[in-house]
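Here are some notes to read with the model open beside you. Take them one at a time and find each spot as you go.

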Amino acid sequence: MPYAILRFQKRKAGGVAACERHNERKKEAYKSNPDIDVGRSKDNYHLVKPPRYTYKKEINRMVAEAGCKVRKDSVMMVETLITASPEFMNSLPPEEQKAYFQTALDFISERVGKKNILSAVVHMDERTPHMHLCFVPITPDNKLSAKCILGNQKSLSEWQTAYHERMSARWNQLERGQSSMETRRKHILTWLCRKPISRWKGY
């Protein structure tokens with residue numbers, strides 16, 4: 001049974017540039033991820049184009065414009081990984097894959113605010129098509145707070161339920177995975193199975 005997949009990773013200021021280099025394919029080689037086939041990177045595409053300059057500059061502009069208070073340890077950006085089980089994603093024709101990612105983008109936009117989204121890029125150069133969507137966690141009352149937007153473990157589980165409901169409304173074969181609140185397991189990317197630590201947290 002295929003699963004709808006949604007993961008979040010909070011990024012402080014020091015992690016923004018590396019995230020941008022990976023997502024926007026600004027490196028010539030990716031030794032840390034052997035799944036990337038740079039010959040296919042030309043097939044990657046954006047549903048939300050990245051900032052004109054850099055993620056960091058755009059984040060700073062958005063935060064200053066909103067008048068947010070910023071601490072040294074503030075989460076400046078949330079990176080979202082959107083995909084589904086490999087057998088499901090790879091079975092979809094290109095137009096259905098794009099519809100899947102657009103539906104997910106609409107779902108996230110409704111919850112975090114369209115204006116807060118920095119970039120949404122679909123990677124077609126790895127084994128399973130997936131989208132990296134990055135947003136700045138600015139609340140409606142102009143606070144910089146990933147906690148207010150994502151909430152606690154229970155709230156994140158509710159995010160997963162709502163996401164599954166949205167995606168399965170069109171693709172009814174998709175299942176809602178078992179909550180990590182029950183399994184206590186951490187998500188590990190396939191190419192990191194040989195490494196001790198994942199860069200993605202399971203919710």
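1. Start with the overall layout. The protein chain has seven helices and five strands. Reading from the N terminus, the elements go β-α-β-α-β-α-α-β-β-α-α-α. Keep in mind that this is a predicted model.

2. Next, some whole-chain numbers. Of the 203 residues in the protein chain, 50% are buried. Take the contacts between residues at least 6 apart in sequence: 74% of them join residues at least 24 apart. The accessible surface is about 11,300 Å², and carbon and sulfur atoms account for 50% of that surface.

3. Now for the rings. How many aromatic pairs does a search of the whole structure find? The count is six. One of them joins Phe107 and Tyr163, with 5.7 Å centre to centre and 55° between the planes, so by the cut-offs used (under 30 degrees stacked, over 60 edge-to-face) the pair counts as tilted. Phe107 belongs to helix α4 (residues 94–112) and Tyr163 to helix α6 (residues 153–168), so this pair ties together parts that are 56 residues apart in sequence. Are these two residues buried or exposed? Both Phe107 and Tyr163 are buried.

4. That pair also belongs to a cluster: ring pairs link Phe8, Phe107, Trp159 and Tyr163. Trp159 has a charged partner as well, since the charged end of Arg111 sits over the Trp159 ring, 4.7 Å from its centre. A similar arrangement involves Lys98, whose charged end sits over the ring of Tyr45, 5.6 Å from the ring centre.

5. Helix α2 (residues 55–66) is worth a closer look. At 1.5 Å a residue, its twelve residues should span 16 Å, and the end C-alpha atoms are indeed 16 Å apart, so the two values agree. Right after α2 comes Gly67, which has a positive phi, near 75°.

6. Which residues of α2 are buried? They are Tyr55, Ile59, Met62, Val63 and Ala66. Looking down the axis of α2, the buried residues fall within an arc of 95°, so they line one face of the helix. On the other side of α2, Lys57, Ala64 and Glu65 are exposed.

7. Last, what covers the buried residues of α2? The cover includes helix α1 (13–23) along with strands β3 (75–84), β4 (117–123) and β5 (130–135).

Key. Residues numbered from 1 in each chain as written. Predicted model: local features only at pLDDT ≥ 70, side-chain atom pairs only at ≥ 80, totals over all residues. Heavy atoms only, no water. Helix = DSSP H or I, 4+ residues; strand = E, 2+ residues; numbered from the N terminus. Buried < 20%, exposed > 50% of the residue type's maximum accessible area, 1.4 Å probe, protein only. Contact = heavy atoms within 4.5 Å. Areas by Shrake-Rupley, 256 points an atom, 1.4 Å probe, with all protein chains shown as cover. Phe/Tyr/Trp six-rings, centres within 6.5 Å; stacked < 30°, edge-to-face > 60°. Lys NZ or Arg CZ within 6 Å of the ring centre and 35° of its normal. Expected span 1.5 Å × (residues − 1). Arc of directions from axis to C-beta.
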